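Trainee: I'd like to learn how to read a model like this one step by step. Could you walk me through it?

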Amino acid sequence: MSGGVVTGGWNFVIAAYTVTFSVLFIYGVSIVTRLREERSREKEEANPQ
Amino acid sequence: MLIAALRKELLLQWRSRTQIMAVFVFGATSLLLFSFAVGPNSEALRLYSSGFLWLGLLLSSTLTLAESYAAEMENRALEGLLLLPSDPRALYYGKAIANWLQLSMLGIALVPVMVVLYDAGTTDLLRLFAIILLGAAGLSAPGTMYAAMTSQARAKQTLLPLLLFPLIVPALLASVKATSLVILGDPMRQLTPWISLLAAFDAIYWSLCGLLYSRVVED
Amino acid sequence: MKTGPAAILLAIGAYFGFVVAVAQFHGVSALALGLPSGAIATLAAGCGVAGAIWFLFANDQADSSAPWQVMAGLGVLCLAFGSYYGLFVAPPEQYMGEVQRIMYVHVPTAWNALLAMTLAFACAVIFLFKPDYKWDSRMEGAIEVGVVLAFLLCCQGAIWAKPTWGVWWDWDPRLTTTAVLLFAFLGILALRRFVEDPARRAIWSSVATIIAYVDVPIVYFSVRWWNSLHQQQSNPGTVSKQFWLPLRLNAFGILFLMVAFIMIRAQLATLRRKQEMAPPLPEVAELGEAV
């Protein structure tokens, strides 16, 4: 380092933002899907035709 | 009460002394294997000897800690013990002290192996043994607690190290650092802060686990 | 608990977090009510976090999915604006250059990861004193979301370390503590998977959460001691005013998203426990008697 300016580095910035938002998105979708499945299963068990 | 619990644990350990012997052989074998990971470089081996000693002890500890509940799990003896008009805290401290003594003995027994294999001797045996006693106490307090949970769960062999290893990072760090300062010399006088860190870790977990243990076994 | 107080707290947080910041950016300082900037930041953060957590506790046991959708929408909105400001509006930093822009997601992730773990710890303590299973559900949600955020934090830390220090991993106290925390809480999630009895699972994981959380400061100080030759990290408290807005927007964005995730996850945990505790179906019970 020695006080120098880091030049460039946009690719690291893009990598960091991509990782952050894709992990958040995938996790969000996965838990919403799991919740939907669990809800529909509960409904099926409550009134099984 | 505590004395009775401790006597029971020590008696159980004495009866399973072949098991303790086997754990010692396991620890010595792992010390031998670590030297293969580094290669025949005696200078590097001496430098890392304290790390290897503590890793060997840590790996062996998962065996002894899990074993300390094996007798209780047979015939649901733990439930019987809890029916006695006794404090679960005495049960915990009895078990933790027994595990501590066993791990300390194991650590002290591994020292000659370390000296022979890595040429990492020291004349300051008193300090070395004190560090081993403190480090073993740091392993046994949370270890006894977690072993109580994992011995009743599925996949117990995996679960105990999974829970215990991240937790004892500070104790491991302090023990390794303090041991290597004793072996390699301490020109900067750094030993005391590391030993106080280890002592603080022990104090926190010996009291916290004692407080919480009754909730784990009674339900 | 009602949602009303949460809305008021969130409004105060938004006022001091964004409105005052934007006004000051344009040279209007009357909106700050004469408060110093430290007090404004504390008010914004305190009211925002308190409002979000109040909202979480007021709505996470409801069957409807509207509350978490509100929170998730707010979170996505804040994150979109914050990232836009952070990536395109804010100027590059004096020494770090463009790499500094990682800070606008990294620091909010760190704050919220710690907040999620603290929430899990608080739920664990409350459950041990007041055994109501809703605290267990909340704890499960907070631990899992905290693990996701801690994982993200390690990834972002590695991406930041490469251009600034030249290595992917640095034994910096914060990064190392996050990694230890990640593995400790992953262990607790594994423990929850391997214990079937809901009562035991709840108590044991509460105890394990308390034990693991107490370890955090000890790990931090021991690693700092161990690796004392490390250079000082850029402290987010000292960043200049231009950096505040994207940082705050993203901090609130991740906070709202985290609350939405914890709500979903807590509902899921409650539903699963209901199924585990439900009496066996009549046919099965009769079969059992016949055997």
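Mentor: Sure, and keep in mind that this is a predicted model. Start with the order of elements: from the N terminus on, chain B runs α-α-α-α-α-α-α-α-α-α.

Trainee: How many helices and strands does chain B have?

Mentor: Chain B has 10 helices and zero strands.

Trainee: What should I look at to judge the overall form of chain B?

Mentor: Try the radius of gyration against what a globule of that length would give. A compact globule of 219 residues would come out near 17 Å, and chain B has 18 Å, so the two agree. For the extent along the principal axes, the C-alpha atoms of chain B fill a box of roughly 55 × 35 × 30 Å.

Trainee: And what share of chain B counts as buried?

Mentor: Of its 219 residues, 46% do. You can also ask how far apart in sequence the contacting residues are. Among contacts in chain B with a separation of 6 or more, 83% join residues 24 or more positions apart.

Trainee: Let's move on to interfaces. How do people usually express their size?

Mentor: Often as the accessible area lost when the parts come together. Here we can go by residues instead. Where chain C meets chain A, 27 residues come from chain C and 22 residues from chain A.

Trainee: Which helices of chain C each supply at least two residues of the side that touches chain A?

Mentor: Those are α4 (103–129), α5 (133–165) and α8 (244–277) of chain C. Of the elements there, α5(C) gives the most, nine residues. By residue type, this side of chain C divides into 16 nonpolar, six polar and five charged.

Trainee: How many residues does each chain bring to the contact between chain C and chain B?

Mentor: That contact takes 25 residues from chain C and 25 residues from chain B. On the chain C side, α6 (173–194) and α7 (198–226) each supply at least two residues. The largest share comes from α7(C), with 16 residues. The side of chain C that touches chain B divides into 21 nonpolar, two polar and two charged.

Trainee: Last one: which residues have the most contacts inside the largest nonpolar core?

Mentor: That core has 167 residues, and the ones with the most contacts inside it are C:Ala116, C:Ala120, C:Phe256, C:Met258, C:Val259 and C:Ala260. The largest share of the core, 20 residues, comes from α8(C). Take C:Val259 as a worked case: leaving out residues up to four places away in sequence, C:Val259 touches C:Ala52, C:Phe55, C:Leu56 and C:Met71.

Conventions
Residues numbered from 1 in each chain as written. Chains lettered and ligands numbered in written order. Predicted model: local features only at pLDDT ≥ 70, side-chain atom pairs only at ≥ 80, totals over all residues. Contact = placed C-beta atoms within 7 Å. Helix = DSSP H or I, 4+ residues; strand = E, 2+ residues; numbered from the N terminus. Nonpolar A, V, L, I, M, F, W, Y, C, P; charged D, E, K, R; others polar. Rg over C-alpha atoms; globule rule 2.2 N^0.38 Å. Buried ≥ 20, exposed ≤ 12 C-beta atoms within 10 Å, placed from the backbone. Core = buried A, V, L, I, M, F, W, Y, C linked by C-beta atoms within 7 Å.
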